[in-house]
Amino acid sequence: MSGIAYRGLQQGLHVTWTLGKVIFPITLIVTILQHTPILPWIIELLSPIMGLFGLPGEAAVSLVLGNSLNLYAGIAAIISFDFSVKEVFILAVMLSFSHNLFIESTVASRVGISWWLISGVRLVLAMTAAIFINLVWAGGSQPAQYGFISQKEIPAGWAEMILQAIQTALFAVIQLALIVIILMIVMQFLREKGWLIKISDAFAPVTKILGMEKNTSLTLVAGLTIGLAYGAGVMIQAVKEDGVSKKDTFLALLFLVACHAVVEDTVIFIPLGIPVWPLLLIRLVTAMLLTMTVAFIWKRLDIKKKRDTVNEHSYDSI
């Protein structure tokens, strides 16, 4: 057990270092830019578009960074501004659907699905969810409390501003590091004890409901637990070794596009002071409904194609 914990700790520290190199400088830069004419100009330019999602112009910074880089870059930008709980929740949902768009979609496209389709689905889901939440949820107007990160006071000068930015960045890295390290230890335990395989077997009935065969279950478990890129890697191998069909490959990837790395992607939003259970449910329900709908349409098209083929053969035989 101690060996597993040690290896999980090592992995957690490695991930923390990787994330810290993104979170610290971005938080530092964005916090400083708030007090210069540059960021306010960009925010004013994008404010009308953000209004469609019930967000202020500042939210554009988080969305751009989260989509072009990764989820942690988006979070780093969020904690650099003062948002309401509702605004942070909308940002969390949008980033959950469409973070790290270029890298993850490129890796996932190696399975054989168009990069444009993957990216398009993720962006449409993010925007649709944001508009829906903004229209339906009337609450969440109170200021968001970012865990241990205190409310920022306006700095008196450049030295105080830089010190404040460094403190915000350090708190963000430390807080997220604690979550990531624990998560990595748990994942290492599940991996080495073979529980991921057992989870995969237990997950087989779910794949059937989603319109897929049992041999896609491991791909879904991998994608749900460790991310879209890793899920795509498992999927590529599954297509070669387990004979996963083109339809099941597409459906599994579609599910993971909407709902991948749900544990990690949900847990890391806890320090932002938003309700995370609704965030998790929105992703799961969206992924299931989307996949089941496409599976139903695919099945109907297959039936029609077979019927047309039979009719064509019958006509030829006359």
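This is a guided tour of a predicted model, going from the whole chain to selected helices and residues.

Residues are numbered from 1 along each chain as its sequence is written. Because the model is predicted, local features need pLDDT of at least 70 and side-chain atom pairs count only at pLDDT 80 or more, while totals for chains, interfaces and linings use all residues, and side-chain values use heavy atoms, with hydrogens and water left out.

**The whole chain**

Begin with the whole protein in cartoon view, where the secondary structure comes to 14 helices and 0 strands; helices (H or I, at least four residues) and strands (E, at least two) are DSSP runs, numbered from the N terminus. Read from the N terminus, the elements run α-α-α-α-α-α-α-α-α-α-α-α-α-α. Of the 318 residues, 47% count as buried, where buried means under 20% relative accessible area, exposed means over 50% and partly exposed lies in between (1.4 Å probe, protein chains only). Among contacts with a separation of 6 or more, 75% are between residues 24 or more positions apart, a contact being heavy atoms within 4.5 Å.

**Helices 3, 4 and 5**

Select residues 59-68, which make up helix 3; 8 of its 10 residues are buried, so helix 3 is largely enclosed by the rest of the structure. To colour the buried residues, pick Ala59, Ala60, Val61, Ser62, Leu63, Leu65, Gly66 and Asn67.

Add helix 4, residues 71-78. The axes of helix 3 and helix 4 come within 6 Å and cross at roughly 165°; axes are lines fitted to C-alpha atoms, for helices over the stretch in contact, and angles run from 0 to 180 degrees between N-to-C directions. Helix 3 and helix 4 are therefore roughly antiparallel, given that angles under 35 degrees count as roughly parallel, over 145 as roughly antiparallel, 65 to 115 as roughly perpendicular and the rest as oblique. On the helix 3 side, show Val61, Ser62, Leu65 and Gly66, which meet Leu71, Ala73, Gly74, Ala77 and Ile78 of helix 4. By class, this contact of helix 3 with helix 4 has 6 nonpolar, 3 polar and no charged residues; Ala, Val, Leu, Ile, Met, Phe, Trp, Tyr, Cys and Pro count as nonpolar, Asp, Glu, Lys and Arg as charged, and the others, Gly among them, as polar.

Now bring in helix 5, residues 85-98, whose axis comes within 10 Å of that of helix 4 and crosses it at roughly 165°. Helix 4 and helix 5 are therefore also roughly antiparallel to each other. Here Leu71, Gly74 and Ile78 of helix 4 meet Val88, Leu91, Leu95 and Ser96 of helix 5, and the classes in this contact are 5 nonpolar, 2 polar and no charged residues.

**Helix 7 and its partner**

Move to helix 7 (residues 115-136) and select Ala126, which lies in this helix. Ala126 is buried, with a relative accessible area of 2%. Leaving out residues up to four places away in sequence, Ala126 touches Met94, Phe97 and Ser98, and its C-alpha atom is separated by 7.2 Å from that of Leu95, 31 residues apart along the chain.

Next show helix 12 (residues 246-258), which packs against helix 7 at an angle of about 40°, with the axes 9 Å apart. That makes helix 7 oblique to helix 12. The residues to display are Leu117, Ile118, Val121, Arg122 and Leu125 in helix 7, which meet Phe250, Leu253, Leu254, Val257 and Ala258 in helix 12; they divide into 9 nonpolar, no polar and 1 charged.

**From helix 13 to helix 14**

Select Leu272, in the loop between helix 13 (262-267) and helix 14 (276-317). At 2% relative accessibility, Leu272 counts as buried. Its contacts, not counting residues up to four places away in sequence, are Ile75, Ile78, Ile79, Val88, Ala144, Gln145 and Tyr146. Leu272 and Phe89 are 183 residues apart in sequence and 8.9 Å apart in space, C-alpha to C-alpha.

For the last stop, which residue forms a salt bridge with Asp265? The partner is Arg283, with the closest N and O atoms 3.5 Å apart; a salt bridge is a side-chain nitrogen of Lys or Arg within 4 Å of a carboxyl oxygen of Asp or Glu. Arg283 lies in helix 14 and Asp265 in helix 13, so the pair ties together parts that are 18 residues apart in sequence. By this rule the count comes to 1 salt bridge. Arg283 counts as buried at 0% relative accessibility, and Asp265 counts as buried at 5%.
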